[in-house]
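Colleague: I would like to learn how to read a model feature by feature. Can you take me through one?

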Amino acid sequence: MNFIPRKTLPLIFLTALVLPGGAAAEPLALSLDEAVATALEQNLQLRLQKSEAEAAVAGIDIERGSFDPYLSADILHSQARQTSFLTGAQADETASNWSGGLHKKITTGTEFDLAWENSRYDTDNSLTALAPGYTSTFSFGFSHPLWQGNSEEVQTAGILAADKNAQAASALVDGRAVDLAAQVKRAYWLLVFARQQIEVEELSLTLAEKLLDDARQRIEAGVLAPVEIYQPESEVARREEALIAAERRVAAAEDELKKLLGLAERADGVLPEDEPTAASAVPELSAVLDDALARRPDLKAASLRSEAAEARLLAAEDTVRPSLDLGGRL
């Protein structure tokens with residue numbers, strides 16, 4: 001909706017922005033959907049909450065990592081020179097050790113491991129009969145908790161808590177997005193209303209000026225007394241003041257919308273493209289309240305965090321139980 005303010009009034013809202021070449025800056029035309037999408041993309045707080053939600057998702061992988069298999073390998077080599085206290089003879093010794101292993105823990109708390117160890121020892125000491133000497137060992141071991149930690153719920157409590165916290169963080173992101181979209185819609189329609197109000201005030205000023213012209217003509221014709229000119233003049237002044245106030249409201253509404261859109265640094269204006277439409281039906285208040293309580297993201301997030309706390313509590317209570325494990329190695 002376009003309008004042209006009167007030349008005799010101060011242009012508070014649409015101040016001409018002169019660009020190189022003398023052209024005025026064109027206002028940024030936006031539909032309601034474009035305004036909401038821009039706000040969701042540019043809002044810094046929403047970005048921060050999304051980052052926190054991503055960090056919460058990473059916490060699930062951290063908790064699951066305790067059940068991931070892992071490999072280990074070690075290599076050790078040493079050299080030494082020994083001197084006999086009896087004969088004073090010297091002997092060089094070398095020792096090498098290299099080993100590898102595989103460890104795995106399952107959700108019941110049972111742990112398995114495979115280990116392979118190799119060593120080599122060599123010396124030039126004449127008293128040593130077998131040199132060099134080799135040793136190689138392969139072993140398999142397991143352990144299972146019989147008391148503390150003897151529950152899949154306890155073992156996976158950290159994963160469950162991390163998952164609930166991640167869902168809660170995601171719900172808060174959705175809640176922030178819904179609140180931001182609602183703020184943008186409200187600011188958008190306030191700007192539309194403010195721009196339409198300018199048209200109303202301009203029409204009122206035009207009518208007041210017409211009445212002033214009629215009063216002047218009647219006074220010149222002698223139909224009205226000269227004192228009658230003050231009332232239409234005051235009405236014109238009042239309408240001019242109302243138009244100025246309307247232009248200020250447009251500027252304020254535009255600044256609020258640009259702030260929500262992350263476009264506060266833009267010097268050009270914002271031109272809403274959509275027009276308001278009347279609602280086809282008004283929903284019942286009870287249905288609206290029930291739907292709000294069922295779908296409010298903050299309530300959902302609070303419930304999920306409560307479930308996460310219960311999982312952490314279960315794991316914490318388990319730590320006070322005695323530790324007793326069954327294990328073996330072959």
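Modeller: We will go through a helix, a core, some aromatic pairs and a few contacts. Keep in mind that this is a predicted model.

Colleague: Take helix H2 first. What span should its 21 residues have, and what do the end C-alpha atoms give?

Modeller: At 1.5 Å a residue, H2 should span 30 Å. The end C-alpha atoms are 31 Å apart, which agrees.

Colleague: How do I read the sides of a helix?

Modeller: Start with the turn. An α-helix has 3.6 residues a turn, so residues three or four places apart point the same way. Now the case here. The buried residues of H2 are Leu46, Ala53, Ala56, Gly59 and Ile60. They cover an arc of only 115 degrees around the axis, so they sit on the same side of H2.

Colleague: Which exposed residues does the face turned away from that buried side carry?

Modeller: That face has Leu44, Leu48, Glu54, Asp61 and Ile62. As for the buried residues of H2, what covers them includes H1 and H4.

Colleague: What happens at the start of H2?

Modeller: A side-chain oxygen of Asn43 comes to within 3.2 Å of the backbone nitrogen of Gln45 there.

Colleague: Now the core. What is the general idea?

Modeller: In soluble globular proteins, nonpolar side chains tend to be buried together. In this model, the largest nonpolar core has 38 residues. Those with the most contacts inside it are Leu180, Val184, Tyr188, Leu191, Leu257 and Leu261.

Colleague: Which helices each supply at least two residues of this core?

Modeller: Helix H1 (32-42), helix H2 (44-64), H4 and helix H5 (230-261) each do. H4 gives the largest share, 18 residues.

Colleague: Pick one core residue. What does Leu257 touch?

Modeller: Leave out residues up to four places away in sequence. Leu257 then touches Val184, Ala187, Tyr188, Leu191 and Val270.

Colleague: On to the rings. How many aromatic pairs are there?

Modeller: The structure holds two. For each, read the distance between centres, then the angle between planes. Phe112 and Phe140 are 6.3 Å apart, centre to centre, with 20 degrees between the planes. That pair is stacked, because planes under 30 degrees apart count as stacked.

Colleague: Where do Phe112 and Phe140 lie along the chain?

Modeller: Phe112 is in strand S4 (residues 111-123) and Phe140 in strand S5 (residues 133-145). The two are 28 residues apart, and the pair links distant parts of the chain. Phe112 is partly exposed at 32% relative accessibility. Phe140 is partly exposed too, at 34%.

Colleague: And how are the planes of Tyr188 and Trp189 arranged?

Modeller: Edge-to-face, with 90 degrees between the planes and 5.3 Å centre to centre. Tyr188 is buried, with a relative accessible area of 1%. Trp189 is partly exposed, at 30%.

Colleague: Next, a charged side chain. Is Lys164 buried or exposed?

Modeller: Buried: its relative accessible area is 17%, and the cut-off is under 20%. Lys164 lies in helix H4 (residues 157-221). Its side chain makes a polar contact with the side chain of Glu307, at 2.9 Å. Leaving aside neighbours within four places in sequence, Lys164 is in contact with Leu304, Glu307 and Ala308.

Colleague: Last, Leu314. Which residues does Leu314 touch, not counting those up to four places away in sequence?

Modeller: Glu153 and Val154. Leu314 is in helix H7 (residues 297-318). At 32% relative accessibility, Leu314 is partly exposed. Leu314 and Glu153 are 161 residues apart along the chain, yet their C-alpha atoms are separated by 8.2 Å.

Methods. Residues are numbered from 1 along each chain as its sequence is written. This is a predicted model: local features need pLDDT of at least 70, side-chain atom pairs count only at pLDDT 80 or more; totals for chains, interfaces and linings use all residues. Side-chain values use heavy atoms; hydrogens and water are left out. Rings of Phe, Tyr and Trp (its six-membered ring) pair if their centres lie within 6.5 Å; planes under 30 degrees apart count as stacked, over 60 as edge-to-face and the rest as tilted. Helices (H or I, at least four residues) and strands (E, at least two) are DSSP runs, numbered from the N terminus. Buried means under 20% relative accessible area, exposed over 50%, partly exposed in between (1.4 Å probe, protein chains only). A polar contact is a pair of N or O atoms within 3.5 Å; within protein, one must be able to donate a hydrogen and the other to accept it, and residues adjacent in sequence count only if both atoms are side-chain atoms. Contact means heavy atoms within 4.5 Å. A nonpolar core is a set of buried Ala, Val, Leu, Ile, Met, Phe, Trp, Tyr and Cys residues joined through side-chain atoms within 4.5 Å. The expected span of a helix is 1.5 Å times one less than its number of residues. The arc is that of the directions from the helix axis to the C-beta atoms.
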